[in-house]
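I opened this notebook page to record what I looked up in a single chain, going strand by strand and then to the core. The model is a predicted one, and I kept that in mind for each entry.

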Amino acid sequence: MKKSGMEKSNYHYRGRIVTLIPRMEGYMWTCQYLILRSGRTEMDGSTDKAYFSREEAEFAALSAARTFIDHCQLDKDPLA
């Protein structure tokens, strides 16, 4: 069975849930991501370009979310 757009996938990474929301735009795929912690959205974003497959778009979005978590150090208190 072929998957259509708007089916969410969840991945756990460093105490957060990364939710991927792929969708088709014409004949290409893009993917939005949400970074959640304790049920609250910390960040959202999407792939910078469109891809020929859903898997490529999801991989790009998950990689972007992981990079954001790793480099932005979301655990730090911004007021400290």
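The entries below follow the order in which I looked things up.

**Entry 1, the first hairpin.** I began with strand β1, residues 9-13, and found that it pairs with β2 in the antiparallel sense over five bridges. Within this pairing I noted that Y11 stands opposite V18 in β2. The two strands form a hairpin with two residues between them, and in the turn R14 has a positive phi of about 50°.

**Entry 2, S9.** Next I asked whether S9 is buried or exposed. With a relative accessible area of 16%, S9 counts as buried, because the cut-off for that word is under 20%. S9 lies in strand β1, and when residues up to four places away in sequence are not counted, S9 touches V18, T19 and L20, as well as R54 and E58.

**Entry 3, the second hairpin.** I then followed β2, residues 16-25, to its other partner, strand β3, residues 28-37, and found that nine bridges join the two, which run antiparallel. At this hairpin E25 stands opposite M28 in β3. Two residues lie between the strands here, and G26 takes a positive phi near 70°.

**Entry 4, R23.** What does the side chain of R23 make a polar contact with? I found the side chain of E25, at 2.8 Å, and both of these residues belong to strand β2, which covers residues 16-25. R23 has a relative accessible area of 35% and is therefore partly exposed, a value that falls between the 20% and 50% cut-offs. I also looked up the separation of the C-alpha atoms of R23 and A50, which is 9.9 Å for two residues 27 apart along the chain.

**Entry 5, the core.** Which residues have the most contacts inside the largest nonpolar core? They are V18, L20 and Y33, in a core of 13 residues. The elements that give two or more residues to this core are β2, β3 and α1, the last of these spanning 54-72. Of these elements, α1 gives the most, with five residues. As background I wrote down that nonpolar side chains tend to be buried together in soluble globular proteins.

**Entry 6, L20.** I closed with the surroundings of L20, again leaving out residues up to four places away in sequence. L20 touches E7, K8, S9 and Y11, then C31, Q32 and Y33, and finally E58, A61 and L62. The contact between L20 and S9 thus appears in my list for S9 too.

Methods: Residues are numbered from 1 along each chain as its sequence is written. This is a predicted model: local features need pLDDT of at least 70, side-chain atom pairs count only at pLDDT 80 or more; totals for chains, interfaces and linings use all residues. Side-chain values use heavy atoms; hydrogens and water are left out. Helices (H or I, at least four residues) and strands (E, at least two) are DSSP runs, numbered from the N terminus. Buried means under 20% relative accessible area, exposed over 50%, partly exposed in between (1.4 Å probe, protein chains only). A polar contact is a pair of N or O atoms within 3.5 Å; within protein, one must be able to donate a hydrogen and the other to accept it, and residues adjacent in sequence count only if both atoms are side-chain atoms. Two strands pair if DSSP finds at least two bridges between them. Contact means heavy atoms within 4.5 Å. A nonpolar core is a set of buried Ala, Val, Leu, Ile, Met, Phe, Trp, Tyr and Cys residues joined through side-chain atoms within 4.5 Å.
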